[in-house]
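Student: I would like a close look at a single part of this model. Please set it in the context of the whole chain, and say how each term is defined.

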Amino acid sequence: MAGSTDTTALVLSGGGARGAYEAGVIAGLVDVLGEVAIDLFAGTSVGAINAAYLASHAHRGDLGVDKLVALWEGLSLREHLRPARRPWVSQGVLDVRPFERIVRREVDWGSLSRSLDGGQLRGLFIAALEVATGRTALFADLAPQTRWTPTRDPQRVAVQERITSEHVLASAAIPGIFPPRRVGGGVFYDGSLRFNTPIAPVLRAGADRLVVVSPLYHGTRHALSPTAPEDLDVLFLAGKMLHAVLLDPFDYDLQVLERFNALIAVLDVELGPQERARFDARVAALRGVPYRTIDALVLSPSRDLGAIALEYVRTHRRRFLRQGLGGWALALSGRRLAESGTDLASYLLFDGGFTSQLVALGRHDVRARADEVQAFFGEARAAAG
């Protein structure tokens, strides 16, 4: 039943430079609550980078978020949108080394291991796509007392082992943008291609309260958009495909969660204790774990991050011309990006000015929901007490 345990999970989605919004949300939670207690962390793509960093600072009430924000706000096009020296060899158009340095140096890997081994942290999950099989690998680094029942879905494979920087970099390896990564005996690409918001693993590890952060804007939508340009060029298509693959499945996952919560509520009313016990036992036999009511706090942008990015490109076009080859390419394509209405720029704008805006928006969105946030975490603290 909801509120019966105190296990809270943080789930972070992918989205390239939009990951700065996630950092802003966590900073906003710290602003509102003072201290944030998270037991399980899960992330995919850039969400894996953020999740690994935060999990490695889970022993701190502020999750070390100030440094995470500083990292995001310190990005530059010259450094972080730098073309690869030999893309035909590396299989990625961008130089991955600046991101490697962030993951290897800024995630406190020693502290992460100690927190897991000592049981102060229950687990970290990272999703990546195995190239050879097309299956999603769910890498799990768990505390000794954590009991995890992996899914029986044949398209997902559970791998319980110590998570390293290579797992995180594999999860964030967007095909064509960054090179694939080798982990153990396998080669992996960005986990967002098949599993962008890894909610299921933390539920199967015992979480009954979710904080889910997605950089997907939930503004007005139309069944069919009348604004697509007549000449569907590569910029438009690339941006829309990224949006569809990385972000849109998030809506479906939340709808499924809401439906099962509604189903469990009906069962609680309609079934007696013995009938309910038989139902739970049957479900557990079929899928490994019974269904439970899950409390979720979902945080997503109050403004369209794609529109913010296009305005930023338009405003800073001249400055981009001085920011290396990556900035030069953005400046030259800026007009066409705006005409296409594509979301592509918001994924690749690794520029401190833009990411600072996303951090500020994340903080603003949490503060605007301060009462709801305090009530959600207040219930978790009451359950723990």
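**Helix α3 and the largest cavity**

Tutor: Among contacts in the protein between residues at least 6 apart in sequence, 74% join residues at least 24 apart, a contact being heavy atoms within 4.5 Å. The model is predicted, so local features need pLDDT of at least 70 and side-chain atom pairs count only at pLDDT 80 or more, while totals for chains, interfaces and linings use all residues. Residues are numbered from 1 along each chain as its sequence is written, and side-chain values use heavy atoms, with hydrogens and water left out.

The protein has 385 residues, and 52% of them count as buried (under 20% relative accessible area, 1.4 Å probe, protein chains only). Its secondary structure comes to 18 helices and nine strands; these are DSSP runs numbered from the N terminus, helices being H or I of at least four residues and strands E of at least two.

The part to look at is helix α3, residues 65-73, where V65, L68, V69, L71 and W72 are buried. Seen down the axis of α3, these residues fall within an arc of 155°, so they line one face of the helix; the arc is taken from the directions from the helix axis to the C-beta atoms. An α-helix has 3.6 residues a turn, so residues three or four places apart point the same way. The buried residues of α3 pack against α1 (19-33), α2 (46-56), α6 (97-106) and α17 (352-368).

W72 of this buried set also belongs to a cavity lining, where it is among the residues nearest the centre, together with V46, I49, F99 and F350. This is the largest cavity, with a volume of about 330 Å³ and 23 lining residues. Two or more lining residues come from each of α2, α3 and α6, and α2 gives the largest share, four residues. By type the lining divides into 18 nonpolar, three polar and two charged residues (Ala, Val, Leu, Ile, Met, Phe, Trp, Tyr, Cys and Pro are nonpolar, Asp, Glu, Lys and Arg charged, the others polar). A cavity is a set of points on a 1 Å grid where a 1.4 Å probe fits but cannot get out, and lining residues have an atom within 4 Å of a point.

Two loop residues and one helix residue complete the view. L63 sits in the loop between α2 and α3; its phi is near 55°, positive although the residue is not glycine, and L63 is buried at 1% relative accessibility. S45 is in the loop between β2 (40-44) and α2, has a phi near 60°, again positive in a residue other than glycine, and is buried with a relative accessible area of 2%. H80 lies in helix α4, residues 77-80, and counts as buried at 8% relative accessibility. Leaving out residues up to four places away in sequence, H80 touches G74, L75, L94, P98, F99, I102 and F350. F99 and F350 appear again among the residues nearest the centre of the largest cavity.

The structure holds two cavities of 30 Å³ or more. The second largest has a volume of about 30 Å³ and is lined by L138, W148, P150, T151, R156, A200, P201 and R204. Helix α9 (residues 199-204) gives the largest share of that lining, three residues, and the lining divides into five nonpolar, one polar and two charged residues.

Definitions and conventions: Buried means under 20% relative accessible area, exposed over 50%, partly exposed in between (1.4 Å probe, protein chains only). On a 1 Å grid over the protein atoms alone, a cavity is a set of points where a 1.4 Å probe fits but cannot get out, and a pocket is an open set with protein on both sides within 12 Å along at least five of seven lines; lining residues have an atom within 4 Å of a point. Grid points are joined across faces, edges and corners, and a volume is the space filled by probe spheres set on the points.
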